[in-house]
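Me: I am new to this structure and would like to go through it step by step. Please keep the answers short and end each one on what I asked for.

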Amino acid sequence: MARALRLCPSLLVVSGHYRDYSTMSDQVMDRLHRVSGLVEQISIDEAFLDVSDTPEPVEQLARRVQTQIHAELSLPCSVGVAGNKLVAKIATEVGKMSARGDGPPMARTIVPAGAEAAFLAPLPAEMLWGVGPKTAARLAELGIRTIGDLARWPEKDLETRFGEWGRDLARRARGEDLRPVVSEHDVKSMSQETTFARDVSDDKELERTLRDLAAQVGRSLRRSELAGKTVKLKLRWPDFTTLTRQSTLSSPTDDDVEIFQTAVKLLHSVRKSGQPVRLVGVGVSALSEPIRQLGLWDANTDRNRRLQDAVDQLRERYGREIIQHAKTP
DNA sequence: TCTGGGGTCCTAGGACCC
DNA sequence: TCTGGGGTCCTAGGACCC
C-alpha cells in the first residue's frame, strides 16, 4: 500500500551554512532534487526530502548527499534522518550542536524507527517546533523542562491549559508527526518593511517610504503573477509598540498606486501628523491570480498597466534606483 | 541581544446574513 | 416584532520560525 509509505517516510533535512547566498541555495536544491523527487524547501538553507522510495540505505544516502554537496559546492551541511519531519528537523539541530572541532558542522544524525520518543526525551522543550520563549516559560511553571517531561504529562491536562495546541504539543513530544513532505507551498502574503535609523516624524518622508515599499510589494506580486485583496499597514512607534491596520479591497490588486493609496489611508487613520514612527511596512494578503478585465472604463488602467510593465523591465535590468518618483516640493 | 526582515498560523471579537 | 443560533468574513494582535 503506497499510503503506508506516506505515514512513515524517511526524511532528511539538509542544513547548509550559506544564509547569504541565494544562488548557492539554488545549486544545493538542484543536487537534492536529483536524490528525491519530493523535496520541500523550508528556508534558504534547509529542505526535507522524502526518500522512502529510494532503495539505497538511508545512512549511505545521507553520507552521499553530504559528501557530494561538500565536494561540488565546497559547502558544509548537516543531515538528519528520521521517520517524520519533526524528528528529522530536531535530529539535524542536535547533530549541529554536538559537532565538535573547528569550522562549520558536518553532522549526520539518524533516528531509527521506534526510537523517536527516546531520542527526544532528554532535549529541552524549546527544541520542539512551535515552542518559543513564551510557551517554554508557561511549561517551566509546570515543571516541564524537557520533551520527556512533556511526553509524560497527562495529555488531557495539556489540552485544558493550551486548548487544541495542547494536544499537538503532546503528540509532538512523543515524536509523532504525520505531515507529508510537500514540494510546493502557496505563498500566502507578501510584504516589505523598513526600520528607520532614527524615528521619522516628517509626513512627506513617511509617505515617500510607504510609496517605495508599496512599489516593491507590487513588483513582487507582478513577478509572481499574483494579486492581493487585503492591504496591511504596519507601524511601530518609538516605544516599540507595533500595530497593524488592514483593509480589504473589492477586487485583488497588483498595482503600486492602489496599494500605496490604501496604505496611506490606513496611515492617516492611526497616525496624527508629525507623530514619530520607528518602522513602517506594507503587506498584501488574500492572494490570487490577478483579474484583468478590459472594459469601457479600463483604457486608463490598461495604460497604467503597460507603463508599470515598462518600469518593471527597466528596474529589472538597471536596478531599482533607475526610476524614481518626482519629489513633491 | 533593547530589538532586522519576511513570513506562517492561531485566536478572539464584531459585523452581517440566514 | 423579538430572540437565538450558526456560519462566514473581516480585523487586530500575538507567538513563532528562519
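Me: Which residues are buried in α6?

Reply: This is a predicted model, and burial is judged from it by relative accessible area, with buried meaning under 20%. On the other side of α6, Pro133, Lys134 and Glu141 are exposed. The buried residues of α6 are Thr135, Ala136 and Leu139.

Me: Why do the buried residues of α6 line one face of the helix?

Reply: The buried residues in question are Thr135, Ala136 and Leu139. The view to take is down the axis of α6, and the buried residues line one face because they fall within an arc of 100°.

Me: What covers the buried residues of α6?

Reply: Cover here is a matter of contact, that is, heavy atoms within 4.5 Å. Helix α6 spans 133-141, and just after this helix Gly143 takes a positive phi of about 85°. The cover of its buried residues includes α7 (147-152), α8 (155-162) and α9 (164-173).

Me: Within what arc do the buried residues of α9 fall?

Reply: In α9, the buried residues are Gly166, Leu169, Ala170, Arg172 and Ala173. Seen down the helix axis, they line one face of α9, because their arc is 165°.

Me: What covers the buried residues of α9?

Reply: Helix α9 is one of the elements over the buried residues of α6, and α6 in turn is part of the cover of α9. After α9 comes Gly175, with a positive phi near 85°. The cover of the buried residues of α9 includes α4 (85-98), α5 (116-120), α6, α7 and α8.

Me: Which element supplies the largest share of the surface near DNA strand C?

Reply: In all, 18 residues surround DNA strand C, and the closest are Ser43, Lys89, Thr135, Gln246 and Thr248. Two elements, α6 (133-141) and β8 (242-253), each supply at least two residues of this surface. The largest share is six residues, and the element that supplies them is β8.

Me: Which residue has a side-chain N or O atom 3.1 Å from a phosphate oxygen of DNA strand C?

Reply: Backbone atoms have to be set aside here. Gly130 has a backbone N or O atom 3.0 Å from a phosphate oxygen of DNA strand C, and a polar backbone atom of Thr244 is 2.9 Å from a phosphate oxygen of this strand. The side-chain atom at 3.1 Å belongs to Arg245.

Me: What percentage of the atoms of DNA strand C within 4 Å of the protein belong to sugar or phosphate?

Reply: The surface near this strand has five nonpolar, eight polar and five charged residues. On the DNA side, the atoms within 4 Å of the protein divide into those of sugar or phosphate and those of bases, and the share of sugar or phosphate is 93%.

Me: Which residues surround DNA strand B?

Reply: By class, three nonpolar, five polar and two charged residues make up the surface near DNA strand B. Of the strand's atoms within 4 Å of the protein, 76% belong to sugar or phosphate. The surrounding residues are Val187, Lys188, Ser189, Met190, Ser191, Gln192, Glu193, Thr194, Thr195 and Phe240.

Me: Which residue has a backbone N or O atom 2.6 Å from a phosphate oxygen of DNA strand B?

Reply: Two side chains can be set aside. That of Ser189 has an N or O atom 2.5 Å from a phosphate oxygen of DNA strand B, and a polar side-chain atom of Gln192 lies 2.7 Å from one. The backbone atom at 2.6 Å belongs to Ser191.

Definitions and conventions
Residues numbered from 1 in each chain as written. Chains lettered and ligands numbered in written order. Predicted model: local features only at pLDDT ≥ 70, side-chain atom pairs only at ≥ 80, totals over all residues. Heavy atoms only, no water. Near = heavy atom within 4 Å. Polar contact = N/O pair within 3.5 Å; in protein donor to acceptor, adjacent residues only side chain to side chain. Helix = DSSP H or I, 4+ residues; strand = E, 2+ residues; numbered from the N terminus. Nonpolar A, V, L, I, M, F, W, Y, C, P; charged D, E, K, R; others polar. Buried < 20%, exposed > 50% of the residue type's maximum accessible area, 1.4 Å probe, protein only. Arc of directions from axis to C-beta.
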